[in-house]
Amino acid sequence: MHWSRLADVLQQAGDVSGKVILNCSLPMNTDNTELAIAHTSSGLEKLAKIVPKARVVAAFNTVPSEVLFGVYERRRRANRPSLVYCGDDKRGKALAATLIRDVGFNPVDAGPARIARYIEPFALLVAQLAYEGKA
């Protein structure tokens, strides 16, 4: 979902108290030209403040889905691509790691939620490079 739809999606979800929210999106402005939250906070931290009783974890890097086809083809091989995740909820992070493993990635725990503010700008870079087709 796009960051601009956050309030609507949370309203549709209802009570998320105690639920794990695995956020894989970047907090982009409405025309997708820049991060809506950056440098001193992150989408993960903002989401955790909006739903303080939920167990929020973020997973990165965000790339166009078509670049993941090769990942799914290699999911049973020993050399799986890595995907970082971070958050403050230990049980939520354990669930996130399981889901990341299940879809064919090697989960890498990047640490607490505050790390997201440093990872989100690089996730945007990876996505931009993927769209441009440059290595």
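This report describes a buried glutamate and a four-stranded sheet in a predicted model.

## Basis of the description

The model is predicted, with local features requiring pLDDT of at least 70 and side-chain atom pairs counting only at pLDDT 80 or more, while totals for chains, interfaces and linings use all residues. Residues are numbered from 1 along each chain as its sequence is written, and side-chain values use heavy atoms, with hydrogens and water left out.

## Glutamate 120

Glutamate 120 belongs to helix H5 (residues 116–132), where helices are DSSP runs of H or I with at least four residues, and strands are E runs with at least two, numbered from the N terminus. Glutamate 120 is buried but has no salt bridge, the nearest side chain of opposite charge being that of arginine 117, 8.5 Å away. Here buried means under 20% relative accessible area with a 1.4 Å probe, protein chains only; Lys and Arg count as positive and Asp and Glu as negative, with His and the chain ends not counted; and a salt bridge needs a side-chain nitrogen of Lys or Arg within 4 Å of a carboxyl oxygen of Asp or Glu.

The side chain of glutamate 120 does reach the backbone nitrogen of glycine 43, at 2.9 Å.

## The sheet and its helices

Four strands form an open sheet of mixed pairing, in the order S1-S2-S3-S4, pairing being defined by at least two DSSP bridges between two strands. Strand S2 (residues 55–60) runs antiparallel to strand S3 (residues 82–87) over 4 bridges, and alanine 58 stands opposite cysteine 86 in S3.

Helix H2 (residues 43–50) packs on the sheet and touches S1, S2 and S3, contact meaning heavy atoms within 4.5 Å.

Terms used:
Buried < 20%, exposed > 50% of the residue type's maximum accessible area, 1.4 Å probe, protein only. Polar contact = N/O pair within 3.5 Å; in protein donor to acceptor, adjacent residues only side chain to side chain. Axes fitted to C-alpha atoms, helices over the stretch in contact; angles between N-to-C directions.
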